2 protein chains.
Amino acid sequence: MSQPYDLITMGRMGVDLYPLQTGVSLAEVETFGKFLGGSAANVAVAAARLGRRSAVISRTGRDPFGEYLHRELRGFGVDDRWVTAVEGCPTPVTFCEIFPPDDFPLYFYRRPKAPDLVIHAEELDREAIAAARIFWITGTGLCEEPSRSATLAALEGRAKSGITVFDLDWRPMFWGGAGGASGDGGATGAAAMATARPYYEAALRYATVAVGNVDEAEVATGLRDPWECARALLDMGVELAVIKQGPKGVLAVHRDGRTAEVPPTPVEVVNGLGAGDSFGGALCHGLLAGWEPGPTMRYANAAGAIVASRLACSSAMPTADEVDAFLAGR
Amino acid sequence: MSQPYDLITMGRMGVDLYPLQTGVSLAEVETFGKFLGGSAANVAVAAARLGRRSAVISRTGRDPFGEYLHRELRGFGVDDRWVTAVEGCPTPVTFCEIFPPDDFPLYFYRRPKAPDLVIHAEELDREAIAAARIFWITGTGLCEEPSRSATLAALEGRAKSGITVFDLDWRPMFWGGAGGASGDGGATGAAAMATARPYYEAALRYATVAVGNVDEAEVATGLRDPWECARALLDMGVELAVIKQGPKGVLAVHRDGRTAEVPPTPVEVVNGLGAGDSFGGALCHGLLAGWEPGPTMRYANAAGAIVASRLACSSAMPTADEVDAFLAGR
């Protein structure tokens, strides 16, 4: 086998259609730009922009939008060898509305089944996953079979070697409802969380790092206080819990007693979408470098803030020079 | 009841996303424009632009794209009172590729169920449908329940009063397959036609006009020769059969013996999508005016050619002055 990857992500990928007019409803948007999207893809791109050797495990439709996603991944330097096509499932598209500073509604076209939910365990490159310095999975990858079993099998096969990150990524519309994630509507709130929690618990047993906001941590823990969430996540198996608190900054708590509370990075928000994935890619960068929790969180916060200050998402992920300049300029 | 409508159409409606770069695959398109789309909506718009009082019976999702469609219909002067929202079904979006002069692939996001296929017979305004001077249905409206039964009930209730047009509109991907129109892939070719034919036959018993290209006429008749198709459609119940033959022009055959063969209208094609709906709206205009088949076909051909020479579709539908100027300039 060739040199291990710094980062392999597994999960959601699709085409994002971003309005070229901001501050208005989709009813008023006249034109859209097309971008690579989906949290697994975005995190891999974010790490690649920071110089990390990354790959993504996902799927697309067999269509021109799928070709586009391959082209984009390669253009960003992300290995696309584990991105394959699913017959009969179009590549998902997602529209968003941009109401800065904090309202960015998403409209998903992922039904009846998104290709990234058709990942089969037997098709995984277990050796590469086990060897990767970081393996990254997301909550959405647990919402539906066969990707749920594949995600858990990948975690199990890795057996906590290296760093394994669980992005608690919570999209209630993908959970519950008569047809599961593909069904009409889907459950929301407590019902969706109750459906998801056993799978979040199972994944946490194989993860070494958990990252999410309070809403996402609540799915896993049932708690909403950041410190209580972090301690509960440690109790559930991880070594490092990272709780993003939006305007209150970020909390990181390590099993060995190290903690970091980092204030938010003030920035004029243009589009908050993708900021969390930029944070994630930079978190990987810091973990790979062996930085302490404090510097890692400050760096990831800055990377997130840079993307939030830009309209685009995947193509807005900063380079290391940009993050350094941003931190130096504060 | 108020004054009858000149035209009520029933069927498909959604948001069309047209590439702002033509001659390239969706993989290369960078930006998209947003337009009202769907054949039932487009035909109503085309007739309204020609001064006809028109309305459409269709449905949308309960979302900003649905609001947009209402706004557009009203902006074009089309009555939207029978366009209602369906919970849990997003407003469909359709992408296209533009390869002039004759290749315009469509990519539909209408699954698992398009709102315009959730029209219930009991919610129809039967009185208004019966009173309309023209009632217009499309083949897609027959592909799935409850819209199939609603469409046939509307036809039955109208009982051939006035002019009833069946747009043979054939989209094989909406037919057949394990999940019906909502299923993976769907049947194609002969299997899909065999599934559709009984419903096309049922609709033709209540229609006075059938309009379609040879592929569409084959679904109804099993034949491909234009004259044979036209005669078979007359035998199946209509008074006027209109066969669009692309580069060979248009053939119209009336039960009373009048016929018209009109050559195509030479034009530099920019985007062929919507040309058929423009033809349809102009056909209604000619039928309402009581024109002979020859002038009606020439007028409709010109209206179609004008839209084919423009990038947009609904917003490209010509006014009567534009059609007159086009015909005068030839």
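So, which strand of chain B does S3(A) pair with, and in what sense, parallel or antiparallel? The partner is strand S3 of chain B, residues 31-37, and the two run antiparallel, joined over three bridges. If you want a spot to look at, go to Phe32(A): across from it in S3(B) stands Phe32(B). Before I go on, keep in mind that this is a predicted model.

Okay, symmetry. Generally speaking, two copies of a chain are related by a rotation about an axis plus a shift along it. Here, a turn of 180° with a shift of 0.0 Å along the axis lays chain A on chain B, and the RMSD is 0.0 Å. That's the relation of a two-fold axis. And the contact fits with that: 100% of the interface residues of chain A are interface residues in chain B too, so the copies meet through the same surface.

Now the interface itself. Chain A puts 31 residues into the contact, and chain B puts in 31 residues as well. People often quote the size of an interface as the accessible area lost when the parts come together. For chain A and chain B, the buried area comes to about 2500 Å², with 60% of that from carbon and sulfur atoms.

What about the polar side of things? Between chain A and chain B we count 15 residue pairs in polar contact, taking just pairs with both residues at pLDDT 80 or more. As for where the chain A side comes from, four elements each supply at least two residues: strand S3 (31-37), helix H2 (64-75), strand S7 (93-96) and strand S8 (106-109). The top contributor is H2(A), which gives five residues to the side that touches chain B. Sort the residues on that side of chain A by type and you get 16 nonpolar, seven polar and eight charged.

On to salt bridges. There are two between chain A and chain B. One I'd show you joins the side chains of Arg71(A) and Glu28(B), at 2.8 Å from N to O.

Over all chains, the structure holds 28 salt bridges. Among them is one inside chain A, where the side chains of Arg310(A) and Glu322(A) meet at 3.0 Å, N to O. That pair links distant parts of the chain, twelve residues apart: Arg310(A) sits in the loop between helix H9 (293-308) and helix H10 (320-329), while Glu322(A) is in helix H10 itself.

That's my tour, so over to you for questions.

Notes. Residues numbered from 1 in each chain as written. Chains lettered and ligands numbered in written order. Predicted model: local features only at pLDDT ≥ 70, side-chain atom pairs only at ≥ 80, totals over all residues. Heavy atoms only, no water. Contact = heavy atoms within 4.5 Å. Buried area = accessible area lost by both parts, 1.4 Å probe. Salt bridge = Lys/Arg side-chain N within 4 Å of Asp/Glu carboxyl O. Polar contact = N/O pair within 3.5 Å; in protein donor to acceptor, adjacent residues only side chain to side chain. Nonpolar A, V, L, I, M, F, W, Y, C, P; charged D, E, K, R; others polar. Pairing = 2+ DSSP bridges. Least-squares fit on C-alpha atoms with pLDDT ≥ 70 in both.
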